[in-house]
Structures are given as structure tokens and as C-alpha cells.
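Q: I should like a close look at a single part of this model, followed by an account of how that part sits in the whole. Please keep the answer connected.

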Amino acid sequence: MPPKAVKTIRDLIFWEYAKLISGSALGDRKNYGFVMSSFKKLQTGEMKWSQILREDLHMDQTKCIYCGATVDLSNDHIVAKRECHFAEIHNIVKSCKKCNSSKGDKDLLEWWGLENRYEIPRNVMGKYLKMLYVCHECRGTLERSDLNMDDEFNLLDLGAILRQPCDPEKVKQKAGR
Ligand SMILES: [Zn+2]
Ligand SMILES: [Zn+2]
């Protein structure tokens, strides 16, 4: 369960992303103090989320994002059959034939196993969280906090949104901005 400071969908995405930052900085995604301080920096904007979203423009295309293999690569979607114009850059990755066919249309966390989520490669988890952010933005649910009606406000709640298409009206409005 995330701490009390994590109240909205946006917070939860930042909280999970802060774990990745901790992993890169300290080699430990569960250093609570470091995760909390990175989370606060994301929340206050001291660490710019818009800049983090742009990192995906320069991803390594020469390796399988899941296992690092360099042969039999093709374009794959982290979330299968997901069509969202805004999230596409975060969803499309290079993966090898083996990972591709093992994963199939399964949800990332289902495929990898929720209990092993701390071993999901940083790039994969990072892209997944960014996609979630963009699609919650599409749907106007970033500020929601009542998706935890089962008292389990966790990554699986975040991913529930991926089972529904983005609202075409909202997407249109956003494109028109
Ligand atoms: Zn692979
Ligand atoms: Zn979307």
C-alpha cells in the first residue's frame, strides 16, 4: 500500500516512478526515504515530468526492451491493441521474437507477475507508467482518488484504464488545443 501522501492517480504514478528513480540512483527501488523525496520533487515540479515524458523520444532501438537480445527484433506494444495517439510513443517498443510470443496480448504485470514487479526493467516500467499517465490524462482521471474502493490502491487499479479505449471526444478536444 502506498503512503498517505499518495492520494490521486497522478500521485500514484509519480510514487511508482519515484521507485524507478531510486533504483537508478541507489540500485534499490525500495529505499523509502529516497523514493519519498523523489516523489515530492515530481509533485512540486522541481523534477519536470514533461521532461521525463520526452525521454522516450530517444530510446535505444537496437535491443529487446525486455531481455536485451539484439536479434529478431520487431515493434511490439507494451499494452497490446492499445490505440491512443498520445500514448503511442510510450507504448511502442522493440522486442525479440521470444519475448514477443511469450508475452502475447497479456497485460505487462500479468505476464511478468505482480510479485516480481521490482525486477521489471526500468525502461519498460517507465514507459508503462508514462503511458498510464497519458491515458489517465486522456480520460480526465488523473485527479481521481476513488478508484481504491477495494482498499487496494495499487498498480492494478492504474492499469484497469487500459482495458477501455480512450474517450474519442476528449482526445479530439486535446488535439484541438
Ligand atoms: Zn527479448
Ligand atoms: Zn489515451
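Which residues line the largest cavity?

A: The model is a predicted one, and the description below should be read accordingly. The lining of the largest cavity is made up of Glu16, Lys19, Leu20, Arg29, Arg117, Tyr118 and Met125. A search of the whole structure returns one cavity of 30 Å³ or more, and the space in the largest cavity comes to about 60 Å³. Rolling a probe the size of a water molecule over the atoms is what reveals where empty space remains. Sorted by class, the lining holds four charged residues and three nonpolar ones, with no polar residue.

Helix α1 is the main contributor to this lining, giving three residues. The helix covers residues 9–26, 18 residues in total, and extends 26 Å from its first C-alpha to its last, close to the 26 Å expected at 1.5 Å a residue. Of its 18 residues, 14 are buried, so α1 is largely enclosed by the rest of the structure. Isoleucine 21 is one residue of this helix. With a relative accessible area of 14%, isoleucine 21 is buried, because the cut-off for that class is under 20%. Just after α1 comes glycine 27, with a positive phi of about 70°.

A link to a later part of the chain can be given through isoleucine 21. Its C-alpha atom and that of glycine 126 are separated by 9.6 Å, although the two residues are 105 residues apart along the chain. Helix α7 spans residues 122–139; its 18 residues should cover 26 Å at 1.5 Å a residue, and its end C-alpha atoms are 26 Å apart, which agrees. As for burial, 14 of the 18 residues of α7 are buried, so this helix is largely enclosed by the rest of the structure. Just after α7, glycine 140 adopts a positive phi of about 70°.

The wider setting of the cavity is a protein with nine helices and two strands. Read from the N terminus on, the elements follow the order α-α-α-β-α-β-α-α-α-α-α. The protein has 177 residues, of which 43% count as buried.

Open space is described by the largest pocket, which holds about 410 Å³. Among the 22 residues that line this pocket, Val79, Ala80, Gly159, Leu162 and Arg163 are the closest to its centre. By class, the pocket lining divides into 11 nonpolar, eight charged and three polar residues. Helices α6 (108–112) and α8 (155–159) each provide at least two residues of the lining, and α8 has the largest share, with three residues.

Arginine 163, one of the residues closest to the pocket centre, belongs to the loop between α8 and α9 (168–176). Arginine 163 is exposed, with a relative accessible area of 70%, so it lies above the cut-off of over 50% for that class. Its C-alpha atom is 9.7 Å from that of lysine 81, and the two residues are 82 residues apart in sequence.

The model also contains a metal site. The zinc ion (ligand 1) is coordinated at 2.3 Å by the SG atoms of Cys64, Cys67, Cys96 and Cys99. Along the chain, these donors follow the spacing C-x2-C-x28-C-x2-C. The four donor atoms subtend angles of 105 to 115° around the zinc ion (ligand 1), which makes the arrangement tetrahedral. Two of the coordinating cysteines can be described by accessibility. Cysteine 64 is buried, at a relative accessible area of 3%, whereas cysteine 67 is partly exposed, at 47%.

One backbone detail remains. Aspartate 72 is found in the loop between α3 (49–54) and β1 (73–77). Its phi is positive, about 55°, although aspartate 72 is not a glycine. Most residues other than glycine have a negative phi.

To return to the part requested: the largest cavity, of about 60 Å³, takes three of its lining residues from α1, and α1 is itself largely enclosed by the rest of the structure, since 14 of its 18 residues are buried.

Methods:
Residues are numbered from 1 along each chain as its sequence is written. Chains are lettered from A and ligands numbered from 1 in the order in which they are written. This is a predicted model: local features need pLDDT of at least 70, side-chain atom pairs count only at pLDDT 80 or more; totals for chains, interfaces and linings use all residues. Side-chain values use heavy atoms; hydrogens and water are left out. Helices (H or I, at least four residues) and strands (E, at least two) are DSSP runs, numbered from the N terminus. The expected span of a helix is 1.5 Å times one less than its number of residues. Buried means under 20% relative accessible area, exposed over 50%, partly exposed in between (1.4 Å probe, protein chains only). On a 1 Å grid over the protein atoms alone, a cavity is a set of points where a 1.4 Å probe fits but cannot get out, and a pocket is an open set with protein on both sides within 12 Å along at least five of seven lines; lining residues have an atom within 4 Å of a point. Grid points are joined across faces, edges and corners, and a volume is the space filled by probe spheres set on the points. Ala, Val, Leu, Ile, Met, Phe, Trp, Tyr, Cys and Pro count as nonpolar, Asp, Glu, Lys and Arg as charged, and the others, Gly among them, as polar. Donors are N, O and S atoms within 2.8 Å of the metal (3.2 Å for Na, K and Ca); water is not among the atoms, so sites may look incomplete. Four donors count as tetrahedral if all angles lie between 85 and 135 degrees; four count as square planar and six as octahedral if opposite donors are over 155 degrees apart and all others between 65 and 115; anything else is irregular.
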